[in-house]
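Trainee: I have a structure open and no idea where to start. Can we go through it together?

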Amino acid sequence: MENGEQPLLSPIEDEYHTSQIHDQVGSSTGIQYFFREFCVESKKLWYLAAPAIFTSICQYSLGAITQVFAGQLGTTELAMVSVENSIIAGFCYGIMWGMGSALETLCGIAFGAGHLEMLGIYMQRSWIILNVTALLLMFLYIFATPVLKIVGETDEISEEAGLFSLWMIPQLFAYAMNYPLTKFLQAQSKFMAMAVISAVTIVLHTVFSWLLMLKLGWGMVGAAVVLNLSW
């Protein structure tokens, strides 16, 4: 040290003193630090997750709302929609959703790598593949009546649900167009755009379901028209 000055603490003593201070401070601020970081990360997560959750709820609610109005028409109508939604459409929904989810990886990689021109190409390729798949799955809708009889449904419900399935064929191709578009937007974090579209759709779906099914007396034909258009 210059001018004969000596350090007040040796390096070893200084390190020991610092560690003691950190231990004392850490015990009192560790929990605060955890909750502060927890709030920061939760805010980031919910900023993306909340619109995505809302979008999924709206999509699943379309069929549920139709079932609610169908139940006001009668038990047979309710059974028609329930069976078609849970068995025929549910099976195709799972296949389409799984194939559409594969696009999420491709679009995510392309977006992260900065190859933005590939996003649209991947989406268009998925449209072609899923629409071809929809053509094959369409036979399940066409032959829904014998399929439902095979799985144990009564003849009356099978006949009615099979008829409703024929009316719902456009929904199958709506699946093929909707899922790639959803993953295309998700890869770019456009969750709020999806949430707005879903909110508008669910409101219009509810209003027109009531109008066509109950007010104008279109019954199940109105249910099929509104559900197809909503998807």
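Mentor: Start with Gln 171. Leaving aside its neighbours within four places in sequence, Gln 171 is in contact with Glu 84, Ala 89, Tyr 141, Leu 227, Asn 228 and Trp 231. Keep in mind that this is a predicted model.

Trainee: Where does Gln 171 lie?

Mentor: Gln 171 is part of helix H6, which covers residues 169-186.

Trainee: Is Gln 171 buried or exposed?

Mentor: Gln 171 counts as buried, because its relative accessibility is 1% and the cut-off for buried is under 20%.

Trainee: What about Ala 174, which helix is that in?

Mentor: Ala 174 lies in helix H6. Ala 174 is buried, with a relative accessible area of 14%. The C-alpha atom of Ala 174 is 9.1 Å from that of Asn 131, and the two residues are 43 residues apart along the chain.

Trainee: Let's move on to helix packing. How do people describe it?

Mentor: Two packed helices are described by the angle between their axes and the distance between the axes.

Trainee: OK, what are those values for H2 and H5?

Mentor: Helix H2, residues 75-113, packs against H5 at an angle of about 70°, and their axes are 8 Å apart. H2 and H5 are therefore roughly perpendicular to each other, and H2 passes H5 in a right-handed crossing.

Trainee: Which residues of H2 and H5 meet there?

Mentor: From H2 there are Thr 76, Ala 79, Met 80, Val 81, Val 83, Glu 84 and Ile 88. They meet Glu 156, Ile 157, Glu 160, Ala 161, Phe 164 and Ser 165 in H5. The residues of this contact of H2 with H5 divide into eight nonpolar, two polar and three charged. You have met Glu 84 already, as one of the contacts of Gln 171.

Trainee: And at what angle do H7 and H8 pack?

Mentor: Helix H7 (residues 191-215) and helix H8 (residues 220-230) pack at an angle of about 165°, with 9 Å between their axes. That makes H7 roughly antiparallel to H8. The crossing of H7 and H8 is right-handed.

Trainee: Which residues make that contact between H7 and H8?

Mentor: H7 contributes Thr 201, His 205, Phe 208, Ser 209, Leu 212 and Met 213. H8 contributes Gly 222, Ala 223, Val 225, Val 226, Leu 227 and Ser 230. In the contact of H7 with H8, seven residues are nonpolar, five are polar and none is charged. Leu 227 is also in contact with Gln 171.

Trainee: New topic. How many salt bridges does the structure hold?

Mentor: The structure holds one salt bridge. Lys 149 forms it with Glu 159, and the closest N and O atoms are 3.1 Å apart.

Trainee: Which helices are Lys 149 and Glu 159 in?

Mentor: Lys 149 lies in helix H4 (residues 144-150) and Glu 159 in helix H5 (residues 155-167), so the pair ties together parts that are 10 residues apart in sequence. Lys 149 is partly exposed, at 35% relative accessible area. Glu 159 is partly exposed too, at 43%.

Trainee: Last one. What is the phi of Ser 189?

Mentor: Ser 189 has a positive phi of about 60°, although it is not a glycine. Most residues other than glycine have a negative phi.

Trainee: Where is Ser 189 found?

Mentor: Ser 189 is in the loop between H6 and H7. At 43% relative accessibility, Ser 189 counts as partly exposed.

Terms used. Residues numbered from 1 in each chain as written. Predicted model: local features only at pLDDT ≥ 70, side-chain atom pairs only at ≥ 80, totals over all residues. Heavy atoms only, no water. Helix = DSSP H or I, 4+ residues; strand = E, 2+ residues; numbered from the N terminus. Buried < 20%, exposed > 50% of the residue type's maximum accessible area, 1.4 Å probe, protein only. Contact = heavy atoms within 4.5 Å. Axes fitted to C-alpha atoms, helices over the stretch in contact; angles between N-to-C directions. Parallel < 35°, antiparallel > 145°, perpendicular 65-115°, else oblique. Left-handed = near helix turned anticlockwise from the far one by under 90°. Nonpolar A, V, L, I, M, F, W, Y, C, P; charged D, E, K, R; others polar. Salt bridge = Lys/Arg side-chain N within 4 Å of Asp/Glu carboxyl O.
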